[in-house]
Protein chains: 2
Amino acid sequence: MKSMASTSEKILDIAQSLIVTGGYNGFSYADISAAIGIRKASIHHHFPTKADLVSALVDRYRRQAEAGLTFLREQASSPAEQLQSYMNYWQTCIRDASLPFCVCAMLASEMQMLPEEVASRVRAHFHGLAGWLASVLQAGVEQGLFRLDKRPEEEAQVLMASLHGAMLSARAFSDPGLFVAIVAPQIARLRSPDC
Amino acid sequence: MKSMASTSEKILDIAQSLIVTGGYNGFSYADISAAIGIRKASIHHHFPTKADLVSALVDRYRRQAEAGLTFLREQASSPAEQLQSYMNYWQTCIRDASLPFCVCAMLASEMQMLPEEVASRVRAHFHGLAGWLASVLQAGVEQGLFRLDKRPEEEAQVLMASLHGAMLSARAFSDPGLFVAIVAPQIARLRSPDC
DNA sequence: AATTACCTTCCTACTAGTAGGTAGTCAAAA
DNA sequence: TTTTGACTACCTACTAGTAGGAAGGTAATT
């Protein structure tokens, strides 16, 4: 009985996949309406305005991301494997096209014209991800596994930018393999030479 | 008399800045119309369809980019300085907000829903930029200035992804300085240790 | 047990405004 | 005189959003 998703969840599912392919202005209530067989007005019942809908969408995405990252921290044995697993997660999403781009990266590219309530949530996701990466790098340094040229926070920014840039290139060239080809060397170069 | 830009150039100027902030679906003929004081129908005279307009826009952008990159190759003395100058160019664009994002990077994020005539041009820009970067890296290796872990083409992809990711982060955090903070270390690490 | 009231979800039908695009006109320039 | 570049006026389709109501479930009141 777990597969029975509520209507509002279905709305968010569709909206998310539409945003990932076309951004904030790339979808409409009518698109969602057609996709799940419900009238436009019914979607407005669940999410009065588009800003409400996308805000709820980003909130859910952030909760899922945070849960996933926490799981990785607890599950994967070493910081190096945590980064590897995170990369593998995205590799799978891109390969099977289930989520071929980060929702917040997509929205960030349109940052200047997003409703403020959405923009602030997108910023929060960037902060959260950068923080997680920095803490993983920090742990790796403490365990003598990583050798960083800069402070963990700065290296985390470099790594996050590589991740997003790699998603963009994979999309531009329609080549899912390009994502790993770009990200893997960036993770590899962090490894301390003596291990 | 050189400052007297033609109407079609003015249309492309406005459209470019609108695309850079909001993407393909983030602007309309009415927006351009209002910005340059001309009727919508007059814009259709110059560019019959939106796909025509954006195609012409990307063509012009690609010509300018190619000219700029060729100039850098001829002007800057060493491959290292060529990369540095390219980064500085974008730093200036981002700082003064004249072009705070690459037109083609913006469009690439919406790749899947672009008209094919636009999509192919965006892909061509990615190929061209990756090729230029690869040739600069290749030259650097031949002159003993760079020490690469991988083939120049692969390193070029890594570098290009960092550039685009850095633009995105700078935008997400509204922090122009973040662009250089991310890209500079990526260029620095290419340098051969013995020089 | 039946009534009352409320809540949720979805519906039809509508609005004002915007989207990209077209037809036909007209003045000035080539 | 033909071409260019602008115009007015219009079209159809779609945009986000609203009004009001029907159907069903829940829960307390009578």
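**Notes on two chains and DNA strand C**

1. Let's start at the backbone of the DNA: a polar backbone atom of Phe27(B) sits 3.4 Å from a phosphate oxygen of DNA strand C. That is a polar contact, meaning a pair of N or O atoms within 3.5 Å (within protein, one must be able to donate a hydrogen and the other to accept it, and residues adjacent in sequence count only if both atoms are side-chain atoms). Tyr29(B) also has a polar backbone atom 3.0 Å from a phosphate oxygen of the strand, and for Lys50(B) a backbone N or O atom is 2.8 Å from one.

2. Before going on, keep in mind that this is a predicted model: local features need pLDDT of at least 70, side-chain atom pairs count only at pLDDT 80 or more, and totals for chains, interfaces and linings use all residues. Residues are numbered from 1 along each chain as its sequence is written, chains are lettered from A and ligands numbered from 1 in the order in which they are written, and side-chain values use heavy atoms, leaving out hydrogens and water.

3. How many residues surround DNA strand C? There are 17, and the closest are Thr7(A), Arg39(A), Ser42(A), His46(A) and Lys50(B). Of the strand's atoms that come within 4 Å of the protein, 56% belong to sugar and phosphate. "Near" here means that a residue has a heavy atom within 4 Å of the strand.

4. Which helix gives the most to this surface? It's α3(A), with four residues. At least two residues each come from α3 (40-46) of chain A and from α2 (29-36) and α3 (40-46) of chain B. Helices here are DSSP runs (H or I, at least four residues), numbered from the N terminus.

5. Now the two chains. A rotation of 180° with 0.0 Å of shift along its axis puts chain A on chain B, RMSD 0.0 Å, using least squares on the C-alpha atoms of residues with pLDDT of at least 70 in both. That is how a two-fold axis relates two copies. In chain A, Gly165(A) has the C-alpha nearest the axis, at 2.1 Å.

6. What does the interface look like in numbers? Chain A and chain B each bring 38 residues to the contact, where contact means heavy atoms within 4.5 Å. Together the chains bury about 3100 Å², 67% of it on carbon and sulfur atoms; buried area is the accessible area (1.4 Å probe) that two parts lose on being put together, summed over both. Ser109(A), Leu168(A) and Phe173(A) supply 18% of what chain A buries against chain B, more than any other three residues.
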